[in-house]
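Work through the exercises below with the sequence and the 3D view open. Try each task before reading its solution.

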Amino acid sequence: MNQHQPTRGDHRRRRTMARGLRRAIAVLVVSGATVGVLLALTSTPSVGRTLPAGIGLTQTPTATPTLAQDPHHRPTFFEGFDTPAAAGGQFASTYANAWQPYAEGTSGKYYSGKLISAHDGVMDVAMDGEHGAAGVFGPADSAWAATGGTYSIRAKVVGGDGNGAAIMLWPTSNVRSEGEINFPEGGFDSEPVVYHHSMIPGHEGTAQGIGTGVTWRKWHTYTMVWKPGKSVSYYLDGDLLGTITTNVPTTPHRYTFQIGNVGSPGHVLIDWVSRDD
C-alpha cells in the first residue's frame with residue numbers, strides 16, 4: 001500500500017499485562033521482500049476479557065504501557081479511548097487532544113471521519129473496502145513534530161483480509177530521506193513487521209526489517225524507542241525484538257497511522273496509544 005503521501009490537515013488505569021503469545025523473531029534486510037530468518041522464540045498464549053459480539057472481539061487488551069517501570073510515572077501523552085464517540089465528526093471532536101486526522105479526501109482515499117469511532121474502550125477504525133483512514137496521534141500542539149521518545153500502541157485487527165496498515169514515525173518536513181521508521185506495518189493476511197528505512201537519498205525505499213512471527217489478529221503492544229542519531233529499539237509486548245543504530249533520524253517526526261481503502265470489511269481496534277519524551 002502507498003503510505004508515503006502524508007499531509008498536515010489521565011492516563012487511564014493501567015491493566016495487568018499478560019505477555020506471552022507465541023512469536024518468532026525474524027531479522028532481515030528488505031527492499032520489498034523478506035530475505036532471512038535468524039532467530040525464533042516461543043512462549044504461551046495469553047487471554048483477556050470479552051467485548052460485545054458483532055465486531056468479533058474474542059480477546060481484549062490486558063496491557064500496561066510498555067517499558068513503564070515507575071507505577072507513578074505518566075507518559076507525555078496517553079489516550080485510552082474510554083469515552084464513547086460515534087463516527088461522522090463526534091470522534092474527532094471528542095479526541096481532538098489525541099488524534100489529528102488528515103484532511104478528508106487526502107490522496108483520494110483517506111476519510112477518517114467516516115470510519116473512526118470509539119466504544120468499549122477502543123478506537124475502532126472500520127474498513128469498508130472503499131475508504132481509508134490516516135492521521136497523527138497526540139495533541140494538536142505537539143503531534144506534528146516530536147524528536148525522540150518512546151512510542152507505543154496496543155492494537156488488534158478483526159477481518160480486513162486484503163488490507164493492511166502502517167504505523168510510523170514520518171518526517172515533519174515530508175522529506176523521506178530524513179528517516180522513516182515503521183512498526184507495525186504490513187498486510188493483515190501476514191505478520192506485522194518493522195521496516196527501518198534508509199536515509200540515503202535515492203535509497204529511501206530500502207529498509208532493514210525485523211519480523212515478529214505473530215498475527216495482527218491478537219492483541220499486541222508495539223513499541224519504538226527512538227534516541228535521535230543513536231538508535232531505535234523495537235519491542236513487541238515489552239520484549240526487545242532488536243535495536244538498529246544506522247539511519248537513525250535526528251529531525252522532528254510525527255507518529256502516524258495509515259490504513260488503505262482495499263480488501264474485505266473489518267476493524268482495526270486500538271486499545272491505547274502513548275508517547276513518552
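The exercises that follow concern a predicted model.

**Exercise 1. Overall make-up**

Task: State how many helices and strands the protein has, and what share of its residues is buried.

Solution. Step 1: The protein contains 2 helices and 16 strands. Step 2: Of its 277 residues, 53% are buried. Step 3: Turn to the surface. The accessible area is about 11300 Å², and carbon and sulfur atoms account for 53% of that area.

**Exercise 2. A salt bridge between distant parts of the chain**

Task: Find the partner of Asp-237 in a salt bridge, and decide whether Asp-237 is buried or exposed.

Solution. Step 1: The partner is Arg-154, with 3.2 Å between the closest N and O atoms. Step 2: Locate the two residues. Asp-237 sits in the loop between strand 13 (231–236) and strand 14 (239–244), while Arg-154 belongs to strand 7 (residues 149–159); the two are 83 residues apart, and the pair links distant parts of the chain. Step 3: Apply the cut-off. Buried means under 20% relative accessible area. Asp-237 has 5%, so Asp-237 is buried. Arg-154 has 3%, so Arg-154 is buried.

**Exercise 3. Two further salt bridges**

Task: The count of salt bridges comes to 4. For Arg-217 and for Arg-176, name the partner and give the burial class of each residue.

Solution. Step 1: Arg-217 pairs with Asp-161, the closest N and O atoms lying 2.7 Å apart. This pair also links distant parts of the chain: Arg-217 is in the loop between strand 11 (207–211) and strand 12 (220–227), and Asp-161 is in the loop between strand 7 and strand 8 (164–171), 56 residues apart. Step 2: Arg-217 is partly exposed at 24% relative accessibility, and Asp-161 is partly exposed at 41%. Step 3: Arg-176 pairs with Glu-180, with 2.8 Å between the closest N and O atoms. Step 4: Arg-176 is partly exposed at 23%, whereas Glu-180 is buried at 1%.

**Exercise 4. The nonpolar cores**

Task: Which residues have the most contacts inside the largest nonpolar core, and which strand gives the most to this core?

Solution. Step 1: The largest core has 45 residues, and Phe-137, Tyr-234 and Phe-257 have the most contacts inside it. Step 2: Strand 7 gives the most to this core, with 4 residues. Step 3: Examine Phe-257. Leaving aside residues up to four places away in sequence, Phe-257 touches several residues, among them Trp-99, Val-125, Phe-137, Ile-167, Val-268 and Ile-270. Step 4: There is also a second, separate core of 6 residues, including Tyr-102, Ala-134, Val-136 and Trp-144. Step 5: Set this beside a general tendency: in soluble globular proteins, nonpolar side chains tend to be buried together.

**Exercise 5. Strand 7 and its neighbours**

Task: How many residues of strand 7 are buried, and in which sense does strand 7 pair with strand 12 and with strand 16?

Solution. Step 1: In strand 7, 10 of the 11 residues are buried, so the strand is mostly covered. Step 2: Strand 7 and strand 12 run antiparallel and are joined by 7 bridges. Gly-149 stands opposite Trp-226 of strand 12. Step 3: The pairing with strand 16 (residues 266–276) is antiparallel over 10 bridges. Here Ile-153 stands opposite Val-273.

Conventions:
Residues are numbered from 1 along each chain as its sequence is written. This is a predicted model: local features need pLDDT of at least 70, side-chain atom pairs count only at pLDDT 80 or more; totals for chains, interfaces and linings use all residues. Side-chain values use heavy atoms; hydrogens and water are left out. Buried means under 20% relative accessible area, exposed over 50%, partly exposed in between (1.4 Å probe, protein chains only). Accessible areas come from the Shrake-Rupley method with a 1.4 Å probe; for residues, only the protein chains shown count as cover. A salt bridge is a side-chain nitrogen of Lys or Arg within 4 Å of a carboxyl oxygen of Asp or Glu. A nonpolar core is a set of buried Ala, Val, Leu, Ile, Met, Phe, Trp, Tyr and Cys residues joined through side-chain atoms within 4.5 Å. Contact means heavy atoms within 4.5 Å. Two strands pair if DSSP finds at least two bridges between them.
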